Amino acid sequence: SVTVASVLLAPSLVIDTTSASFYVNLPLFSPYNIVNVGGNATSFSITPALPADFTFDPASGSIVDGTPSTVGSTQYAIRATNAAGTSSPVYFTLDVVKRSQAITFPALNGMYLSSTNQSLAATASSGLGVSYGIDPASTGICSIVSGKVHAIAGGVCTVTADQSGSGDFLAAPTVSQSFTVSQKGLTVSGTTASNKTYDRTVTATPNFGSSTLVGKVGSDDVTLVTAGGTAAFADKTVANGKTVTISGLVLGGTTASRYSLTQPTTTANITAATLTVNGITSNNKTYDGLASATSLLNTGSASLSGVIGADVVTLVTGSATGTFPDKNVGTGRTVTIAGLTLTGTDAANYSLTQPTTTASITAKGLTVSGVTANDKTYDRTVSSSVTYADDRVAGDVLTVSGTATFATKTVGTAKTVTATGT
């Protein structure tokens, strides 16, 4: 018979991964698996020696636990041994790295130059403190004061948030937030403008006695300077409640640069300019029982007085009327004229004072057209009574009187009666 003796083979190792990364100062788990495809191993070894806080299992060839404390990359050789010999090494590279971190930086609000310093609230995922800076492009616009952003001048302010890292964490990527620094807008209250009579200009007169600034912050030294203030209507035409725009107001004071000023508006009226009429006369008339003087008016030389500049205004006389105070006779009596109107592209900006003139009403000659004697009973006198007819104006009340006598006192028919005086 033949006896076959068993032959012990040296170990032969196969490793499932050749490298792995672990975070510094965090426990690691078994980073690889080794399979022995040769003879049974009696022990395993690793070179170079592991750090003191790592545990190597010589029975399995595994790193079973450990907390790496130093960042770096080390390649280790692992071998197995038995009575037949030692295996060729398998290699494993252990990379110890820092953890990454991120910054969360909430958006910032816009600021006025007069604003109080704005708080910053960025946080790092590592829990480490965040530091702040100002982007170089924002130098002179803002600054960091005691961990808050301070506005210096108008413009775009960009604040950066950083976390430089630690033994455990890499530096965080810089995160920035931008906002606009602007002057705080101020308005003006209490400014008024005076009404005026139409003068063909838009110039208005402002009143600044009660003008005050609205919106100033705290005790900032900012004042309203009205010395150069002017005012203007929207246009020259007559109307009530017209918009008046104020301009030329400025800010003064040591902190005036922190603010901008909105020029105010107000309202005022432009009232019509008054025109008078020259050149209208009236003829005299003989008493006719009427106060009318319309037919007596002479308007051919009528003209307007008070038209401003090149305004287009024309006097319309076609409907003019004239009236005496009453119908009675008199010399140099006032004739009141009415019915004159204005036309032309600028007529609406004027009012017209109706003129007066003077004329006389002379007495009307009264003609007695008939005398009728009345019969009477003998009374031993020659006195008689008569009735007169005349051409008086209809409706007028007057008495025509005189004396009348018979030729003799004796009784008779168709006796002659003589009338004298009225």
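Lys-285 counts as buried because its relative accessibility is 9%, below the 20% under which a residue is called buried. The model that gives this value is a predicted one. The side chain of Lys-285 meets that of Asp-288 in a salt bridge, with 2.8 Å from N to O. Asp-288 has a relative accessibility of 33%, so this residue counts as partly exposed. In this pair, then, a buried lysine meets a partly exposed aspartate.

Side chains of opposite charge can pair when their charged atoms come close. How many salt bridges does the structure hold? There are 10. One of them joins Asp-326 and Arg-333, with an N to O distance of 2.4 Å. Arg-333 counts as buried because its relative accessibility is 16%, whereas Asp-326, at 29%, counts as partly exposed. Salt bridges also link Arg-200, Lys-236, Asp-311 and Asp-346 in a network.

Another salt bridge is formed by Lys-196 and Asp-199, whose side chains meet at 2.7 Å, N to O. Is Lys-196 buried or exposed? Its relative accessibility is 14%, so Lys-196 counts as buried. Asp-199 has a value of 33% and therefore counts as partly exposed.

Lys-196 also leads into a sheet, since the residue belongs to strand 21, which covers residues 196–197. Strands of a sheet pair through backbone hydrogen bonds, either parallel or antiparallel. Strand 21 runs parallel to strand 30, and two bridges join them. Within this pairing, Lys-196 stands opposite Ile-270 of strand 30.

Which strands make up the rest of this sheet, and in what order? The sheet is open and has five strands in the order 21-30-27-26-22, with mixed pairing. Its edge strands are strand 21 and strand 22 (203–204), each of which pairs on one side only. Strand 30 lies between strand 21 and strand 27 in the order. With strand 27 (residues 239–247), strand 30 pairs in the antiparallel sense over five bridges. Here Thr-243 has Thr-267 as its bridge partner in strand 30, and Lys-242 stands opposite Ala-268.

Strand 30 itself spans residues 265–271 and has two faces. Thr-266, Ala-268 and Ile-270 make up the covered face. The uncovered face consists of Thr-265, Thr-267, Asn-269 and Thr-271. The residues already met can be placed on these faces: Ile-270, opposite Lys-196, is on the covered face, while Thr-267, the partner of Thr-243, is on the uncovered one.

A further open sheet is formed by four strands in the order 11-18-17-14, and its pairing is mixed too. Strand 11 (111–112) and strand 14 (131–134) are the edges of this sheet, and each pairs on one side only. Strand 11 pairs with strand 18 (residues 175–182) in the parallel sense, over two bridges. Met-111 has Val-181 as its bridge partner in strand 18.

The last feature is a pocket. The largest pocket has a volume of about 260 Å³. Which residues of its lining lie nearest its centre? They are Asp-375, Lys-376, Phe-406, Gly-412 and Lys-415, out of 18 lining residues. By type, the lining divides into six nonpolar, seven polar and five charged residues.

Definitions and conventions. Residues numbered from 1 in each chain as written. Predicted model: local features only at pLDDT ≥ 70, side-chain atom pairs only at ≥ 80, totals over all residues. Heavy atoms only, no water. Pairing = 2+ DSSP bridges. Buried < 20%, exposed > 50% of the residue type's maximum accessible area, 1.4 Å probe, protein only. 1 Å grid on protein atoms, 1.4 Å probe; cavity = no way out; pocket = protein on both sides within 12 Å on 5 of 7 lines; lining within 4 Å. Points joined across faces, edges and corners; volume = space filled by probe spheres on them. Nonpolar A, V, L, I, M, F, W, Y, C, P; charged D, E, K, R; others polar. Salt bridge = Lys/Arg side-chain N within 4 Å of Asp/Glu carboxyl O.
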